[in-house]
Amino acid sequence: AAWHLLGHALASAGRCEQALGPLQRALALQADHVGALGTLGFALLQLGRHQAALAPIERLLQQQPGDAGAQLNLGVALLGLQRHAEAAAALRHAVALAPHSAGAHDNLGLALDKLGHYAEALQSFDRALELDPRLLDAWVHRGITLENLDRHEQAVASAQRALDLDPRRCDAHNVQGHALQYLGRHAEALACFERSLALDPSQPQALLYRSIAYTELERADEAL
């Protein structure tokens, strides 16, 4: 229990790499320790190690198949591995177990968008935002899906809601800029990509779309 408590405290403080050792020690002492399995899966997800996260999450679900948080984490891991159909199935289960979880609805929307089920994805994002209007990721994801539905004006508005919550979100600037390009509003699009690149200059896609905006504005020499 002590090793798990230490690992949990470190993971909760965002020190996920340091949490791994204590959690593994806890599981060496008790292989079926539900808390340690759940925290280890969470820590590995935070580190972007989706394949490694699957094993502890699946072991936890073998013991507690009705654990909504573990089911959500399973879906997130599968999303990270681009196993989108499996992710959607896991996340539908998570939503059934925890219908008031905004995060579950948001991640289900992501999986559905990746599968090309855009109308259903939009419903998931809308439900997530009904539950938590300040869920910034859902506003960004909703904007992407609206673009996929060719609803570019609404995509601009959705990205703006994200930016109202956090003006430093590069992806929200990029979504808004991309939608504005489709609307032929190239000067406004350029401003979006400039703001995004000021926050993070190492974004190949934003650099590409900025070049397109310069070209559309007949300022191609400035794109270099």
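Helices (H or I, at least four residues) and strands (E, at least two) are DSSP runs, numbered from the N terminus. In this predicted model, local features need pLDDT of at least 70 and side-chain atom pairs count only at pLDDT 80 or more, while totals for chains, interfaces and linings use all residues. Residues are numbered from 1 along each chain as its sequence is written, and side-chain values use heavy atoms, with hydrogens and water left out.

**Figure 1. The protein chain holds 13 helices and zero strands.** From the N terminus on, its elements run α-α-α-α-α-α-α-α-α-α-α-α-α, and the C-alpha atoms fill a box of roughly 65 × 35 × 25 Å, taken along the principal axes. Of the 224 residues, 46% are buried, where buried means under 20% relative accessible area, exposed over 50%, and partly exposed in between (1.4 Å probe, protein chains only). The exposed surface of the chain comes to about 11100 Å², of which carbon and sulfur atoms supply 52%; accessible areas come from the Shrake-Rupley method with a 1.4 Å probe, and for residues only the protein chains shown count as cover. Contact means heavy atoms within 4.5 Å, and among contacts between residues at least 6 apart in sequence, 44% join residues at least 24 apart.

**Figure 2. The largest nonpolar core has 37 residues, and those with the most contacts inside it are I57, L74 and L91.** Helices α1, α2 (16-29), α3 (34-46), α4 (50-63), α5, α6, α7 (102-114) and α8 each supply at least two residues of this core. Apart from it lies another core, of 13 residues, among them A128, L129, A159 and A172. A nonpolar core is a set of buried Ala, Val, Leu, Ile, Met, Phe, Trp, Tyr and Cys residues joined through side-chain atoms within 4.5 Å. Leaving aside residues up to four places away in sequence, L74 touches L54, I57, E58, L61 and A90. In soluble globular proteins, nonpolar side chains tend to be buried together.

**Figure 3. W3, L6 and L29 make a nonpolar surface patch of about 300 Å².** W3 lies in helix α1 (residues 2-12), and because its relative accessibility is 30%, W3 counts as partly exposed. Patches are made of residues with over 30% relative accessible area and no salt bridge, like charges being joined within 9 Å and nonpolar side chains (Val, Leu, Ile, Met, Phe, Trp, Tyr) within 5 Å. A salt bridge is in turn a side-chain nitrogen of Lys or Arg within 4 Å of a carboxyl oxygen of Asp or Glu.

**Figure 4. T39 in helix α3 and S124 in helix α8 (residues 118-131) are shown with their contacts.** T39 is buried, with a relative accessible area of 7%, and, not counting residues up to four places away in sequence, T39 touches H4, G7, H8, A11 and L23. S124 likewise counts as buried, because its relative accessibility is 7%; under the condition that residues up to four places away in sequence are not counted, S124 touches H105, L108, G109 and L112.

**Figure 5. R92 sits in helix α6 and counts as partly exposed, at 39% relative accessibility.** When residues up to four places away in sequence are not counted, R92 touches L108, L112 and E120. R92 and L122 are 30 residues apart in sequence, and their C-alpha atoms are 15 Å apart in space.

**Figure 6. Q82 and D150 have positive phi values although neither is a glycine.** Q82, with phi near 60 degrees, is found in the loop between α5 (68-80) and α6 (84-97), and Q82 counts as exposed because its relative accessibility is 63%. D150, with phi of about 60 degrees, lies in the loop between α9 (136-148) and α10 (152-165), where D150 counts as exposed, at 57% relative accessibility.

**Figure 7. The cysteines C16 and C170 are shown in a structure that holds zero disulfides.** A disulfide is a covalent bond between the sulfur atoms of two cysteines; here the term is applied to a pair of cysteine sulfur atoms within 2.5 Å. The sulfur of C170 has its closest cysteine sulfur in C192, 12 Å from it and therefore too far for a bond. C170 is buried, with a relative accessible area of 16%, and C16 is buried, with a relative accessible area of 6%.
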